[in-house]
Amino acid sequence: MKTLYYRGLLLLLVGVISTPALAQDSGNRSTEQRLERLERLVDSQGLADILIRLNSLEQEVRELRGQNEEQTHTIEQLKKRQRELYIDLDRRLLQIERGDAREQSGTPPAGSDGRSASTPKSVPRTGTGMTETPRPAAGGAREVPLSVNKTEQEAYKEAFNLLRELEYDKAIAAFGKFLQNYPDGRYAHIARYWLGEANYAQRNFRAAIGDYKSLIEHYPDSPKVAEAMLKIGYSYNQLQEYQAARDILEQLADDYAGTTEASQARNLLQKIRAKLSNG
């Protein structure tokens, strides 16, 4: 079988190889002589080296295919994890929102003081593009409605489902439309946060900064204010606007001292200060 293979290969080579030397010999030598010559070439070290290289390339291709499959699996796991995080965070935000609604209606849950664990020591300062008006009574902070109609709830779920499926562009459009239709709705503050997250995931950093700032200005009591400030700092850093990033991160570290967000802000601040000192 192997012999037939080689002879077939040799015949094929006879048909396709047309070097000047062989062309010259073809007129004088018989087919058998040319086959003998090609057999010698097959047995030569040069062709053996080619076969070794081919085997090596096949091995590399198999390894690369395995690595690609492994990376694909890792990406799918990360997507699954991201979806789980979105669902879990949305569930907790809705629980907080419902708790706030009960508090406003005079029936706070037992054991709760009604304040977020990440409530800042002071309101955001100027210089970061955000309001310095005291909260929550003044400064244009919007009251969260106590009730929600079914249409608003369905619209919110529709937009969130797109985000959960990592359909970021569609989610951005859906949350934008939601905020146009329900700018003061019960889910408006959560939708504004998700809008920022979707833009941030798509690396639309300028748009994400606007979304996060809008959340902070309109809903200064939101439990996501510290994270929004952190994402603003990250976004400015990505845009290489280091001074703006440093301002918001320093404010975050000061106003939310002791939180995870403040710790992350300090880590990024060290890197930014190093860049500024070297620049």
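## Exercises on an all-helix chain

The side chains of Asp88 and Arg92 meet in a salt bridge, 3.2 Å from N to O. (A salt bridge is a side-chain nitrogen of Lys or Arg within 4 Å of a carboxyl oxygen of Asp or Glu.)

Some ground rules before we start. This is a predicted model, in which local features need pLDDT of at least 70 and side-chain atom pairs count only at pLDDT 80 or more, while totals for chains, interfaces and linings use all residues. Residues are numbered from 1 along each chain as its sequence is written, and side-chain values use heavy atoms, with hydrogens and water left out.

### Exercise 1: the overall plan

Work out how many helices and strands the protein chain has.

Solution. Step 1: take the DSSP runs, numbered from the N terminus, with helices as H or I runs of at least four residues and strands as E runs of at least two. Step 2: count them, and you get 11 helices and zero strands. Step 3: look at burial, where buried means under 20% relative accessible area, exposed over 50%, and partly exposed in between (1.4 Å probe, protein chains only). Of the 279 residues in the protein chain, 33% are buried.

### Exercise 2: back to the opening pair

Explain how Asp88 and Arg92 are placed along helix 4, and find out whether Asp88 is buried or partly exposed.

Solution. Step 1: the two residues sit four apart in helix 4, so about one helical turn separates them. Step 2: recall that an α-helix has 3.6 residues a turn, so residues three or four places apart point the same way. Step 3: check the surroundings; Asp88 is partly exposed at 27% relative accessible area, and Arg92 is partly exposed too, at 42%.

### Exercise 3: more charged pairs

Find the salt-bridge partner of Glu250, and then see which residues are joined into one network.

Solution. Step 1: the side chain of Glu250 meets that of Arg246 at 4.0 Å, N to O. Step 2: both lie in helix 10, four residues apart, or about one turn of the helix. Step 3: Glu250 has a relative accessible area of 30%, so it counts as partly exposed. Step 4: for the network, salt bridges that share partners link Glu197, Lys224, Glu227 and Lys231. Step 5: another pair is Arg164 with Glu165, 3.7 Å from N to O. The total by this rule is 11 salt bridges.

### Exercise 4: an enclosed helix

Decide how many residues of helix 7 are buried, and compare its span with the expected one.

Solution. Step 1: 12 of the 14 residues of helix 7 are buried, so the helix is largely enclosed by the rest of the structure. Those buried residues include His189, Trp194 and Glu197. Step 2: the expected span is 1.5 Å times one less than the number of residues. Helix 7 reaches 20 Å from its first C-alpha to its last, close to the 20 Å expected. Step 3: look just past it, where Arg203 follows with a positive phi, near 65 degrees.

Next, helix 8 (residues 205–218). Its buried residues, among them Phe205 and Tyr212, pack against helix 7 and helix 9.

### Exercise 5: into the core

Name the residues that touch the most other members of the largest nonpolar core.

Solution. Step 1: a nonpolar core is a set of buried Ala, Val, Leu, Ile, Met, Phe, Trp, Tyr and Cys residues joined through side-chain atoms within 4.5 Å. Step 2: of the 48 residues in this core, the answer is Tyr156, Leu163, Phe175, Trp194 and Leu249. Helices 4 through 11 each give two or more residues to this core. Step 3: zoom in on Phe175, using contact to mean heavy atoms within 4.5 Å. Leaving aside neighbours within four places in sequence, Phe175 is in contact with residues including Tyr156, Leu163 and Trp194.

### Exercise 6: one residue in helix 6

Settle whether Leu179 is buried or exposed, and list its contacts beyond its sequence neighbours.

Solution. Step 1: Leu179 belongs to helix 6 (residues 168–181). Step 2: its relative accessible area is 9%, so Leu179 is buried. Step 3: leaving aside neighbours within four places in sequence, Leu179 is in contact with Ala188, Ala191, Arg192 and Leu195. Step 4: from Leu179 to His189 is 10 residues in sequence and 9.1 Å in space, C-alpha to C-alpha.
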